[in-house]
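User: I would like to go through the empty spaces in this protein. Could we begin once the model is on screen?
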Amino acid sequence: MSEGPGAGGIPCLWMRGGTSRAAVFLAADLPADPGARDALLLRVMGSPDPRQIDGIGGGDPLSSKVAVLGPPTRPDADVDYLFLQVFVDAPRVTAAQPCGNILAAVGPAAIELGLAQAQEGETRLRIHMCNTGEIAQASVQTPGGRITYDGSAQIDGVPGAHAPVRLMFENIAGAVCGALFPSGRVRDVIADVPCTLIDHGMPVVVMRADDLGLTGQEPPEMLEGMADLKARVEAIRLAAGPMMGLGDVAEKSIPKMTLVAPPIAGGVIATRSFIPHRVHDGIGVLAAVSVAVACTTPGSAAEGLAHVPEDEAFRIEHPSGQMPVLLQRDGGGIRAAGFLRTARKLMAGRVFPAPGMS
């Protein structure tokens with residue numbers, strides 16, 4: 001047995017970003033080799049284990065995430081951000097996708113870690129999303145030149161009110177797959193189910209709930225218990241992967257699978273999302289952006305279901321409430337997209353990974 005790298009503890013911030021939690025590290029504090037880094041992060045999170053009992057992961061994909069921050073490697077950015085999804089019950093770590101929820105924590109974390117200097121009132125940061133090569137514009141509240149997490153912004157799925165973090169993007173269509181509609185079509189039919197394969201920041205397969213014999217209002221725990229439905233959704237996902245240019249997705253966390261239905265609470269559309277093997281009790285922010293764009297697209301699987309607003313505010317309904325998405329449209333296309341989230345520092349210190357095998 002050998003304790004190996006990290007035996008003396010690794011500097012770490014434990015942050016909430018949106019409705020997710022992540023361990024935030026400086027790149028300089030982790031191994032430079034991706035394989036060694038990922039092996040270390042599995043030990044940090046306690047994977048593979050459904051409870052992650054010997055690590056800091058929460059036994060759920062939404063709380064088994066990592067953000068690696070560093071100085072910018074391009075002149076139009078202020079900080080580099082690499083998102084890593086650590087699987088809970090499998091020895092896998094993937095950088096195949098970005099994460100919009102954890103992106104909300106990057107600006108505050110960059111200030112906390114000394115990568116960025118807080119400005120008076122509000123600090124604007126250009127975040128290089130290393131997973132996709134895109135730049136996100138983040139606005140962080142810094143009254144008196146100091147980061148604050150106190151405020152009046154509320155988001156569904158998070159108790160209380162906190163300081164808002166506004167995030168906006170330009171040119172993120174095809175960020176992962178290389179095209180907004182990577183199959184070359186707005187609508188495909190997979191296993192007799194009409195689908196829209198879309199990537200506007202997050203690869204998503206959009207399907208009508210009624211095409212799967214559902215209302216789209218089922219609670220997540222009910223969907224979790226429907227083994228036949230989950231097998232059918234996974235079969236569609238496996239077929240969609242190569243069509244989206246993602247190859248074999250059997251061991252990947254993308255594409256996400258989202259069922260859509262008419263809204264019932266004044267939003268644009270109702271959703272139920274698989275991420276991809278667990279049913280989300282909300283919806284990921286970048287997935288919500290992709291779904292919102294699908295709602296504006298004639299011929300998509302969402303056509304006829306969505307109540308598209310005239311202004312830029314799109315509210316995507318999900319089991320825990322609504323996800324506000326901002327779409328700035330120009331001549332029928334999407335000029336910029338974004339969202340408002342909150343973030344909070346939960347803990348700062350050193351994390352001690354489980355001993356490794358030698």
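**Cavities and pockets**

Analyst: Please keep in mind that this is a predicted model. In the largest cavity, β7 (134–142) and β8 (164–170) each supply at least two residues of the lining.

User: Which residues line that largest cavity?

Analyst: The lining of the largest cavity is made up of P108, V140, Q141, I147, T148, Y149, A163, P164, V165 and A343.

User: And what is the volume of the largest cavity?

Analyst: The volume of the largest cavity is about 50 Å³.

User: How does its lining divide by class?

Analyst: Eight residues in the lining of the largest cavity are nonpolar and two are polar, while no charged residues take part.

User: How many cavities of 30 Å³ or more does the structure hold?

Analyst: There are two cavities of 30 Å³ or more in the structure. The second largest cavity contains about 40 Å³ of space.

User: Which residues surround that second one?

Analyst: The second largest cavity is lined by P98, M129, T132, E134, F169, I172, A175, G201 and L286. By class, this lining has six nonpolar residues, two polar residues and one charged residue.

User: How can one tell where empty space is left, by the way?

Analyst: A probe the size of a water molecule is rolled over the atoms, and this shows where empty space is left.

User: Let us move to the pockets. What volume does the largest one have?

Analyst: The largest pocket has a volume of about 460 Å³. It is lined by 31 residues, and those closest to its centre are P61, Q85, K256, I275 and P276.

User: Which elements give two or more residues to that lining?

Analyst: Those elements are β4 (79–86), α2 (100–112) and α5 (285–295).

User: Which of them gives the most?

Analyst: The largest contribution to the lining of the largest pocket comes from α5, with three residues.

User: What about the classes of residue there?

Analyst: The lining of the largest pocket comprises 15 nonpolar, 11 polar and five charged residues.

User: And the second largest pocket, how much space lies in it?

Analyst: The second largest pocket holds about 290 Å³ of space. Its lining has 19 residues, of which T19, S20, L62, G157 and D281 are the closest to the centre.

User: How do the residues of that lining divide?

Analyst: In the second largest pocket, five lining residues are nonpolar, nine are polar and five are charged.

How values were computed. Residues numbered from 1 in each chain as written. Predicted model: local features only at pLDDT ≥ 70, side-chain atom pairs only at ≥ 80, totals over all residues. Heavy atoms only, no water. 1 Å grid on protein atoms, 1.4 Å probe; cavity = no way out; pocket = protein on both sides within 12 Å on 5 of 7 lines; lining within 4 Å. Points joined across faces, edges and corners; volume = space filled by probe spheres on them. Helix = DSSP H or I, 4+ residues; strand = E, 2+ residues; numbered from the N terminus. Nonpolar A, V, L, I, M, F, W, Y, C, P; charged D, E, K, R; others polar.
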